[in-house]
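Trainee: I'm new to this one, and I'd like to know what the words we use for it really rest on. Could you show me the structure and take my questions in turn?

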Amino acid sequence: CLEALSSSCYYLLVEKNRYRFSVKPNLNKLLSDRRASIQPDKIQEKVKEEIRKVFDAGKGIDKVYFPEKSGQIADRAAITLIVMPPDCSMEDKNTMHIVEDMIKEHGSSARTFKSALIFSIPEQDRQLKEEARKLLAWQEIDDEHDVLQLDESQIKHIGENVKKSVKDLKECVWRSYKNVVLLGKDNNLRTVDMGLVHSSAASNMVSLIIQELKQDGDIEEFISANFLLRNWPPAFIEWSTRSVRDTFFASPKFPRLLNPETLKDSIVKGVANKMIGYAGRDGAGGYNPFHFGPGLSAQEIEFSDDMFILTGAEAEKFIKPPTLTSLSISPQYGKVESGDRQTFTVKGYDQHGREMGIDKVVWIATGGEIDSNGVFLAGQYAGSFVVTARAGDVTGEVSVIIPKVTGRVKNGGSGVIEIEDTDVEIPEKVPTKISWKGNVPYLKWMTFYTKVFTKYHEEDSLKISVNFEIEPRDGVVQSQVDELRAALKELGLEDKVDMG
């Protein structure tokens with residue numbers, strides 16, 4: 001009863017085991033008066049200062065404190081912890097709308113790395129303000145104890161209360177910031193309530209949050225090459241290393257990597273075990289460098305649009321000797337007047353559509369003669385004929401048209417026969433363009449690319465238009481649209497997607 005009175009009465013003095021009332025106010029009275037005089041701005045500043053202290057103790061991930069606009073949060077492929085201001089609490093209905101906007105937007109642009117953002121949000125801010133107010137009051141009393149003419153017992157009691165208030169405010173921050181919000185696999189916000197949180201639960205608040213998200217599979221320290229193979233995009237034969245890294249922070253279906261650099265170790269182990277290959281494009285359409293097997297180090301891995309990983313099956317193809325599989329003759333169409341010459345050239349391509357040298361070419365022609373250098377001499381008969389190049393068992397051919405010439409013969413008296421130009425029959429128009437339109441099953445897309453496009457890859461006039469439609473069984477979800485837009489944007493293409 002006496003202890004309860006000593007903590008609530010304003011004029012009850014306590015000296016060891018003696019209790020007496022006096023006209024002199026005790027520390028309770030001083031504390032109450034000072035609490036009432038603390039300004040709200042000073043309280044808010046103290047709360048934010050303590051929040052920073054609690055979260056600054058955790059290292060390893062970037063942190064953004066109390067953002068007001070989405071542009072204050074960088075859009076990058078790395079986990080970022082956003083500590084929301086104390087007045088933006090779970091009790092406020094607008095908080096989740098603010099979080100959703102920050103995830104979707106980066107200033108005036110759409111955010112690419114939505115999954116990289118993790119929000120720490122207080123339950124409410126009333127208790128935080130009260131603890132901060134009490135601490136500020138005790139600190140002011142402690143600073144003025146000489147002016148207040150306090151005795152030694154009171155001064156000692158003030159020092160103890162300052163220490164206790166510092167600890168109470170710290171624990172209040174831990175208890176308040178128990179909610180973590182992030183993008184779930186369904187592309188909707190997901191809230192993780194960490195329960196009754198206190199400073200003894202982990203070495204620091206950031207470690208506690210990471211530990212909690214690791215248990216749920218939202219954060220991983222390391223992923224295996226097998227994980228990459230299980231989640232390989234079906235349309236990709238090669239997957240750029242930059243795109244691989246970015247996917248872990250752009251797609252909510254992938255876990256977030258605590259340190260993106262560990263992905264390099266995953267690639268090295270996958271290459272060493274011949275589960276995947278690591279390669280860079282060369283100017284001739286092949287791969288250089290190319291790694292498939294032990295010997296690659298993490299320092300050699302580069303996150304770039306020009307460096308790729310390949311499945312083991314695809315990598316195997318590039319360690320086998322190239323085999324000549326097709327010949328391409330230029331020009332692909334010829335119109336040669338009777339008695340005139342046309343020179344044809346030929347290039348060879350291997351089983352992967354890469355250009356390769358040809359040891360010996362045999363030329364064959366109908367409608368005229370052709371020599372070993374590909375020089376065709378048109379014969380006297382008009383019509384459509386074929387020029388063929390053969391290298392071993394591989395052949396390539398093009399069409400040659402010798403136009404028909406008719407007219408009146410006139411004798412100039414010198415024994416020379418001439419054909420009047422006005423009576424020359426105009427031959428049929430030679431085709432100047434090839435086009436095709438049709439549906440290609442997605443599993444045959446790469447075969448279509450190899451068999452068709454590689455034959456014309458040196459033609460500057462080659463144009464490819466793509467039109468595709470997808471009708472998911474469960475309907476279109478926003479995450480699919482966002483991933484598609486991110487992929488198109490990464491390729492430098494228009495990211496407008498129509499939904500119907």
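Mentor: Sure, and let's begin with strands: helices (H or I, at least four residues) and strands (E, at least two) are DSSP runs, numbered from the N terminus, and two strands pair if DSSP finds at least two bridges between them. Keep in mind that this is a predicted model, where local features need pLDDT of at least 70 and side-chain atom pairs count only at pLDDT 80 or more, while totals for chains, interfaces and linings use all residues. Residues are numbered from 1 along each chain as its sequence is written, and side-chain values use heavy atoms, with hydrogens and water left out.

Trainee: What makes strand 19 and strand 20 a pair?

Mentor: DSSP asks for at least two bridges, and strand 19 (residues 345-350) shares 2 bridges with strand 20, so they pair, in the antiparallel sense. Y349 faces E355 of strand 20 there.

Trainee: Which sheet do they belong to, and why are strands 16 and 20 at its edges?

Mentor: It's an open sheet of 3 strands, ordered 16-19-20 with antiparallel pairing. Strand 16 (324-330) and strand 20 (355-356) each have a single partner strand, so one side of each lacks a neighbour in the sheet.

Trainee: How do you know that strand 1 and strand 2 pair?

Mentor: Strand 1 and strand 2 (residues 18-21) run antiparallel and are joined by 4 bridges, which satisfies the minimum of two, so they count as paired. They form a hairpin with 2 residues between them, and K16 in the turn has a positive phi of about 55 degrees. V14 sits opposite Y19 in strand 2.

Trainee: What makes a space a cavity instead of a pocket?

Mentor: On a 1 Å grid over the protein atoms alone, a cavity is a set of points where a 1.4 Å probe fits but cannot get out; a pocket is an open set with protein on both sides within 12 Å along at least five of seven lines, and lining residues have an atom within 4 Å of a point. This structure holds 1 cavity of 30 Å³ or more, and the largest cavity has about 40 Å³ of space. The second largest pocket has about 580 Å³, with 23 lining residues, among them S6, V14, L27, Q154 and H157, which lie nearest its centre. Helix 6 gives the largest share of that lining, 8 residues.

Trainee: Why are the residues lining the largest cavity called nonpolar?

Mentor: Ala, Val, Leu, Ile, Met, Phe, Trp, Tyr, Cys and Pro count as nonpolar, Asp, Glu, Lys and Arg as charged, and the others, Gly among them, as polar. The lining is I61, I79, L81, I118, V206, I209, I210, L213 and I219; Ile, Leu and Val are on the nonpolar list, so the split is 9 nonpolar, no polar and no charged. Helix 7 (residues 205-215) provides the largest share, 4 residues. The pocket's lining divides into 6 nonpolar, 9 polar and 8 charged.

Trainee: What makes helix 10 mostly covered?

Mentor: Buried means under 20% relative accessible area, exposed over 50%, partly exposed in between (1.4 Å probe, protein chains only). In helix 10 (residues 262-272), 8 of 11 residues meet the buried cut-off, so it's mostly covered. Those buried residues include L263, I267 and V271.

Note on methods: Grid points are joined across faces, edges and corners, and a volume is the space filled by probe spheres set on the points.
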